[in-house]
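Open the model in your viewer and keep the sequence panel beside it. Each stop below says what to select and what is there.

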Amino acid sequence: MMKEVDYRGWANYIVLLMQVASGDSGRSKVKGKKLCEFACGTGNISLILSKLGYDVTGVDNSIDMLTVAGEKIRRRKSNMRIVHHDMVTYSSKESFDRAVCVYDSINYISSPDALGRFFRSVYTSLKPGGVFAFDASLESNSLGDSSLFVQRGKHRGIYYHRKSQYDPAAKTHTTYVRVKKDGCVAEEVHREYVYPPDLIRRLFSAAGFQERFAAGDFTMLEADSSSERVHFVLVKPEHD
Ligand SMILES: C[S@@+](CC[C@H](N)C(=O)[O-])C[C@H]1O[C@@H](n2cnc3c(N)ncnc32)[C@H](O)[C@@H]1O
(Lines give C-alpha, C1' and ligand atoms only; values in the text may rest on other atoms or scores of the structure.)
Protein backbone atom coordinates (compact mmCIF):
# COMPACT_ATOMS: atom_id res chain seq x y z
CA MET A 1 0.00 0.00 0.00
CA MET A 2 2.99 2.30 0.59
CA LYS A 3 4.65 1.38 -2.69
CA GLU A 4 3.54 4.64 -4.36
CA VAL A 5 5.35 6.84 -1.80
CA ASP A 6 8.47 8.48 -3.24
CA TYR A 7 10.66 8.16 -0.12
CA ARG A 8 13.82 9.25 -1.94
CA GLY A 9 12.13 12.45 -3.10
CA TRP A 10 10.74 12.98 0.40
CA ALA A 11 14.18 12.51 2.01
CA ASN A 12 15.78 14.94 -0.48
CA TYR A 13 13.05 17.48 0.30
CA ILE A 14 13.71 17.19 4.06
CA VAL A 15 17.45 17.62 3.47
CA LEU A 16 16.75 20.75 1.44
CA LEU A 17 14.48 22.16 4.17
CA MET A 18 17.13 21.50 6.82
CA GLN A 19 19.90 23.01 4.68
CA VAL A 20 17.91 26.18 4.07
CA ALA A 21 17.06 26.44 7.77
CA SER A 22 20.65 26.06 8.89
CA GLY A 23 22.17 28.12 6.08
CA ASP A 24 24.17 25.22 4.55
CA SER A 25 24.93 25.48 0.87
CA GLY A 26 23.58 22.63 -1.20
CA ARG A 27 27.10 21.45 -1.99
CA SER A 28 28.55 21.50 1.50
CA LYS A 29 29.17 18.27 3.35
CA VAL A 30 26.51 17.53 5.91
CA LYS A 31 27.17 19.83 8.86
CA GLY A 32 26.07 18.40 12.16
CA LYS A 33 25.52 14.77 11.23
CA LYS A 34 23.81 13.36 14.27
CA LEU A 35 20.17 12.99 13.37
CA CYS A 36 17.20 11.42 15.14
CA GLU A 37 14.12 10.33 13.22
CA PHE A 38 11.16 10.22 15.58
CA ALA A 39 8.59 7.59 14.48
CA CYS A 40 11.03 6.04 12.01
CA GLY A 41 8.70 3.12 11.20
CA THR A 42 10.46 0.57 9.01
CA GLY A 43 13.29 3.03 8.33
CA ASN A 44 12.27 4.18 4.85
CA ILE A 45 13.49 7.75 5.35
CA SER A 46 16.17 7.00 7.95
CA LEU A 47 18.01 4.55 5.71
CA ILE A 48 18.16 7.07 2.88
CA LEU A 49 19.38 9.81 5.25
CA SER A 50 21.98 7.41 6.57
CA LYS A 51 23.19 6.75 3.03
CA LEU A 52 23.36 10.52 2.47
CA GLY A 53 25.88 10.81 5.31
CA TYR A 54 23.81 11.39 8.43
CA ASP A 55 24.51 9.41 11.60
CA VAL A 56 20.94 8.26 12.22
CA THR A 57 19.07 7.02 15.27
CA GLY A 58 15.46 5.97 14.67
CA VAL A 59 12.88 5.90 17.45
CA ASP A 60 9.52 4.13 17.17
CA ASN A 61 7.05 2.56 19.60
CA SER A 62 6.09 -0.33 17.32
CA ILE A 63 8.10 -3.53 17.67
CA ASP A 64 6.65 -4.79 14.38
CA MET A 65 7.89 -1.73 12.47
CA LEU A 66 11.29 -1.87 14.15
CA THR A 67 11.66 -5.58 13.38
CA VAL A 68 11.28 -4.82 9.67
CA ALA A 69 13.64 -1.83 10.06
CA GLY A 70 16.21 -4.13 11.71
CA GLU A 71 16.03 -6.58 8.79
CA LYS A 72 16.57 -3.75 6.28
CA ILE A 73 19.50 -2.39 8.32
CA ARG A 74 21.18 -5.81 8.28
CA ARG A 75 20.51 -6.37 4.56
CA ARG A 76 21.87 -2.96 3.60
CA LYS A 77 24.74 -3.10 6.11
CA SER A 78 23.68 0.30 7.45
CA ASN A 79 25.03 1.67 10.72
CA MET A 80 21.70 3.27 11.61
CA ARG A 81 20.56 2.55 15.20
CA ILE A 82 17.00 1.88 16.30
CA VAL A 83 15.39 2.50 19.67
CA HIS A 84 12.05 1.14 20.86
CA HIS A 85 10.41 4.02 22.74
CA ASP A 86 7.39 6.28 22.83
CA MET A 87 8.55 9.45 21.07
CA VAL A 88 6.40 11.60 23.40
CA THR A 89 8.57 10.67 26.38
CA TYR A 90 11.87 9.87 24.64
CA SER A 91 15.00 11.31 26.17
CA SER A 92 18.47 10.52 25.01
CA LYS A 93 21.89 10.77 26.66
CA GLU A 94 23.37 11.98 23.39
CA SER A 95 22.35 15.25 21.77
CA PHE A 96 21.38 15.50 18.12
CA ASP A 97 22.14 18.16 15.51
CA ARG A 98 18.96 17.42 13.59
CA ALA A 99 15.61 15.79 14.27
CA VAL A 100 12.92 14.79 11.80
CA CYS A 101 9.44 13.34 12.13
CA VAL A 102 7.72 12.65 8.82
CA TYR A 103 4.75 11.21 6.99
CA ASP A 104 2.00 12.46 9.31
CA SER A 105 3.63 10.81 12.32
CA ILE A 106 2.75 13.68 14.67
CA ASN A 107 -0.89 13.09 13.68
CA TYR A 108 -0.67 9.83 15.65
CA ILE A 109 -0.22 11.77 18.89
CA SER A 110 -3.61 11.71 20.56
CA SER A 111 -3.91 15.02 22.42
CA PRO A 112 -2.54 18.57 22.40
CA ASP A 113 -1.06 17.89 25.84
CA ALA A 114 0.92 14.90 24.51
CA LEU A 115 1.92 16.87 21.41
CA GLY A 116 3.32 19.60 23.68
CA ARG A 117 5.28 16.96 25.64
CA PHE A 118 6.62 15.55 22.36
CA PHE A 119 7.92 18.99 21.31
CA ARG A 120 9.63 19.35 24.72
CA SER A 121 11.28 15.91 24.26
CA VAL A 122 12.59 16.85 20.82
CA TYR A 123 13.79 20.20 22.17
CA THR A 124 15.80 18.57 24.97
CA SER A 125 17.21 15.97 22.55
CA LEU A 126 18.69 18.70 20.30
CA LYS A 127 21.90 20.68 20.67
CA PRO A 128 21.55 24.48 20.77
CA GLY A 129 21.17 25.61 17.14
CA GLY A 130 19.74 22.19 16.21
CA VAL A 131 17.09 21.92 13.51
CA PHE A 132 13.80 20.04 13.70
CA ALA A 133 11.83 19.31 10.49
CA PHE A 134 8.44 17.66 10.69
CA ASP A 135 5.20 17.55 8.75
CA ALA A 136 1.56 17.42 9.72
CA SER A 137 -1.42 16.38 7.67
CA LEU A 138 -4.06 19.13 7.72
CA GLU A 139 -7.83 19.13 7.58
CA SER A 140 -7.94 19.88 3.82
CA ASN A 141 -6.15 16.56 3.29
CA SER A 142 -8.77 14.69 5.31
CA LEU A 143 -11.66 16.55 3.65
CA GLY A 144 -10.30 15.69 0.17
CA ASP A 145 -12.02 13.40 -2.29
CA SER A 146 -13.26 10.54 -0.11
CA SER A 147 -13.22 8.13 -3.06
CA LEU A 148 -9.40 8.33 -2.84
CA PHE A 149 -9.66 6.87 0.61
CA VAL A 150 -10.67 3.40 -0.50
CA GLN A 151 -7.86 1.25 -1.87
CA ARG A 152 -7.98 -2.39 -2.82
CA GLY A 153 -5.41 -4.50 -4.57
CA LYS A 154 -2.72 -7.11 -4.47
CA HIS A 155 0.98 -6.51 -3.86
CA ARG A 156 3.59 -9.32 -3.64
CA GLY A 157 0.88 -11.94 -3.09
CA ILE A 158 -0.85 -9.94 -0.34
CA TYR A 159 -4.44 -8.76 -0.87
CA TYR A 160 -5.23 -5.51 0.87
CA HIS A 161 -8.27 -3.37 1.52
CA ARG A 162 -7.92 0.04 3.11
CA LYS A 163 -10.69 2.49 3.97
CA SER A 164 -10.33 5.95 5.53
CA GLN A 165 -12.98 8.07 7.22
CA TYR A 166 -12.76 11.59 8.59
CA ASP A 167 -14.87 12.80 11.52
CA PRO A 168 -14.87 16.63 11.23
CA ALA A 169 -16.41 17.12 14.70
CA ALA A 170 -13.76 15.06 16.53
CA LYS A 171 -11.09 15.98 13.93
CA THR A 172 -10.01 12.36 13.78
CA HIS A 173 -9.09 10.45 10.66
CA THR A 174 -9.49 6.70 10.98
CA THR A 175 -8.05 4.16 8.56
CA TYR A 176 -9.13 0.52 8.57
CA VAL A 177 -6.66 -1.88 6.95
CA ARG A 178 -7.32 -5.54 6.16
CA VAL A 179 -4.63 -7.75 4.62
CA LYS A 180 -4.92 -11.37 3.55
CA LYS A 181 -2.17 -13.80 2.60
CA ASP A 182 -2.40 -17.58 2.23
CA GLY A 183 -5.81 -17.57 3.96
CA CYS A 184 -4.55 -15.60 6.98
CA VAL A 185 -6.27 -12.29 7.65
CA ALA A 186 -4.88 -9.39 9.70
CA GLU A 187 -6.74 -6.20 10.52
CA GLU A 188 -5.49 -2.87 11.88
CA VAL A 189 -7.09 0.43 12.79
CA HIS A 190 -5.02 3.64 12.62
CA ARG A 191 -6.37 6.81 14.22
CA GLU A 192 -4.85 10.15 13.28
CA TYR A 193 -5.60 13.47 14.99
CA VAL A 194 -5.81 16.57 12.85
CA TYR A 195 -4.37 19.68 14.53
CA PRO A 196 -4.71 23.22 13.14
CA PRO A 197 -1.36 24.89 12.32
CA ASP A 198 -1.95 27.65 14.91
CA LEU A 199 -2.29 25.12 17.71
CA ILE A 200 0.85 23.28 16.54
CA ARG A 201 2.67 26.65 16.53
CA ARG A 202 1.55 27.51 20.07
CA LEU A 203 2.76 24.13 21.33
CA PHE A 204 6.22 24.15 19.74
CA SER A 205 6.75 27.82 20.68
CA ALA A 206 5.91 26.97 24.30
CA ALA A 207 8.57 24.24 24.14
CA GLY A 208 11.13 26.92 23.16
CA PHE A 209 11.42 26.39 19.38
CA GLN A 210 11.68 29.20 16.84
CA GLU A 211 9.96 28.70 13.49
CA ARG A 212 12.17 29.14 10.41
CA PHE A 213 9.40 28.41 7.95
CA ALA A 214 6.32 26.36 7.20
CA ALA A 215 6.24 25.08 3.65
CA GLY A 216 3.15 23.67 1.97
CA ASP A 217 2.78 20.38 0.12
CA PHE A 218 6.43 19.61 -0.78
CA THR A 219 7.09 23.11 -2.15
CA MET A 220 9.33 25.91 -0.93
CA LEU A 221 6.27 28.15 -0.69
CA GLU A 222 4.62 29.13 2.56
CA ALA A 223 1.75 26.79 3.52
CA ASP A 224 -1.70 28.40 3.34
CA SER A 225 -5.32 27.48 4.06
CA SER A 226 -5.50 25.24 0.97
CA SER A 227 -2.41 23.20 1.91
CA GLU A 228 -2.97 19.53 2.63
CA ARG A 229 0.30 19.07 4.47
CA VAL A 230 2.54 21.56 6.22
CA HIS A 231 6.29 20.99 6.60
CA PHE A 232 7.58 22.95 9.58
CA VAL A 233 11.26 23.71 10.05
CA LEU A 234 12.19 24.82 13.57
CA VAL A 235 15.38 25.82 15.30
CA LYS A 236 16.40 25.45 18.92
CA PRO A 237 17.91 28.85 19.78
CA GLU A 238 21.65 28.96 20.54
CA HIS A 239 20.88 30.56 23.92
CA ASP A 240 17.80 29.92 26.10
C1 LIG B 1 2.82 6.75 9.02
S2 LIG B 1 4.07 5.85 9.87
C3 LIG B 1 5.51 6.72 9.30
C4 LIG B 1 6.74 5.90 9.43
C5 LIG B 1 8.01 6.51 8.83
N6 LIG B 1 8.28 7.85 9.36
C7 LIG B 1 7.94 6.55 7.31
O8 LIG B 1 7.85 7.65 6.75
O9 LIG B 1 7.97 5.50 6.68
C10 LIG B 1 3.84 6.42 11.52
C11 LIG B 1 4.81 5.80 12.51
O12 LIG B 1 4.63 6.44 13.77
C13 LIG B 1 4.87 5.48 14.78
N14 LIG B 1 4.32 6.05 16.02
C15 LIG B 1 3.06 6.45 16.25
N16 LIG B 1 2.94 6.94 17.50
C17 LIG B 1 4.18 6.86 18.06
C18 LIG B 1 4.70 7.21 19.34
N19 LIG B 1 3.93 7.76 20.29
N20 LIG B 1 6.01 7.01 19.57
C21 LIG B 1 6.81 6.46 18.60
N22 LIG B 1 6.36 6.10 17.39
C23 LIG B 1 5.06 6.30 17.13
C24 LIG B 1 4.19 4.26 14.26
O25 LIG B 1 4.63 3.07 14.91
C26 LIG B 1 4.60 4.31 12.79
O27 LIG B 1 5.80 3.63 12.59
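Start at K77, just after α3, where phi is positive at about 50 degrees. Remember that this is a predicted model. Most residues other than glycine have a negative phi.

**Helix α3**

Step back into the helix itself. Select residues 63-75, the 13 residues of α3. From first C-alpha to last, α3 reaches 18 Å, close to the 18 Å expected at 1.5 Å a residue.

Which residues of α3 are buried? Colour L66, A69 and I73. Now look down the axis of α3: its buried residues fall within an arc of 55 degrees, so they line one face of the helix. An α-helix has 3.6 residues a turn, so residues three or four places apart point the same way.

Add β2 (55-60) and β3 (81-84) to the view; the buried residues of α3 pack against these strands. Then turn to the face of α3 that points away from its buried side. There you find the exposed residues D64, T67, E71, R74 and R75.

**Helix α1**

Select residues 7-22, the 16 residues of α1. At 1.5 Å a residue α1 should span 22 Å, and its end C-alpha atoms are 22 Å apart, which agrees.

Colour the buried residues of α1: A11, I14, V15, L17 and M18. They cover an arc of only 160 degrees around the axis, which puts them on the same side of α1.

What covers them? Show α2 (44-51), β4, β5, β10 and β11 (229-235), which are among the elements over the buried residues of α1. Before leaving, click G23: this residue follows α1 and has a positive phi, near 75 degrees.

**The nonpolar core**

In soluble globular proteins, nonpolar side chains tend to be buried together. Here the largest nonpolar core has 54 residues. Select A99, F132 and A133, the residues with the most contacts inside this core. Then highlight strand β5 (residues 126-137), which gives the most to the core, with six residues.

Centre on A133. Leaving aside residues up to four places away in sequence, A133 touches I14, L17, M18, V100, H231 and V233. I14, L17 and M18 were on the list of buried residues of α1.

**The ligand shell**

Move to the ligand, which has 17 residues around it. Which come nearest? Select A39, G41, N61, S62 and Y103. By class, the shell has nine nonpolar, five polar and three charged residues.

**S95, in a loop**

Select S95, in the loop between β3 and β4 (96-101). Buried, exposed or in between? S95 is partly exposed, with 14 other C-beta atoms within 10 Å. Twenty or more would count as buried, and 12 or fewer as exposed.

Draw a distance from S95 to L35. The two are 60 residues apart in sequence, yet their C-alpha atoms are 9.0 Å apart in space. S95 also touches S125, L126 and K127, not counting residues up to four places away in sequence.

**E211, and the loop after β10**

Go to E211 in strand β10 (residues 210-216). E211 counts as partly exposed, with 14 C-beta neighbours inside 10 Å. Show V233 as well: 22 residues separate E211 and V233 along the chain, and their C-alpha atoms are 6.2 Å apart. With residues up to four places away in sequence left out, E211 touches R201, F232 and L234.

Carry on into the loop between β10 and β11, where D217 is found. D217 is not a glycine, but its phi is positive, about 45 degrees. D217 is partly exposed, with 17 other C-beta atoms within 10 Å.

Select F218, in the loop between β10 and β11. F218 is another residue other than glycine with a positive phi, near 65 degrees. F218 is partly exposed, with 15 other C-beta atoms within 10 Å.

**Last stop: K163**

Finish on strand β7 (residues 158-167) and select K163. K163 is partly exposed, with 14 other C-beta atoms within 10 Å. Which residues does K163 touch, not counting those up to four places away in sequence? Show F149, V150 and Y176. Then draw a distance to R178: K163 and R178 are 15 residues apart along the chain, with their C-alpha atoms separated by 9.0 Å.

Technical notes. Residues numbered from 1 in each chain as written. Predicted model: local features only at pLDDT ≥ 70, side-chain atom pairs only at ≥ 80, totals over all residues. Helix = DSSP H or I, 4+ residues; strand = E, 2+ residues; numbered from the N terminus. Expected span 1.5 Å × (residues − 1). Arc of directions from axis to C-beta. Contact = placed C-beta atoms within 7 Å. Core = buried A, V, L, I, M, F, W, Y, C linked by C-beta atoms within 7 Å. Near = placed C-beta within 6 Å. Nonpolar A, V, L, I, M, F, W, Y, C, P; charged D, E, K, R; others polar.
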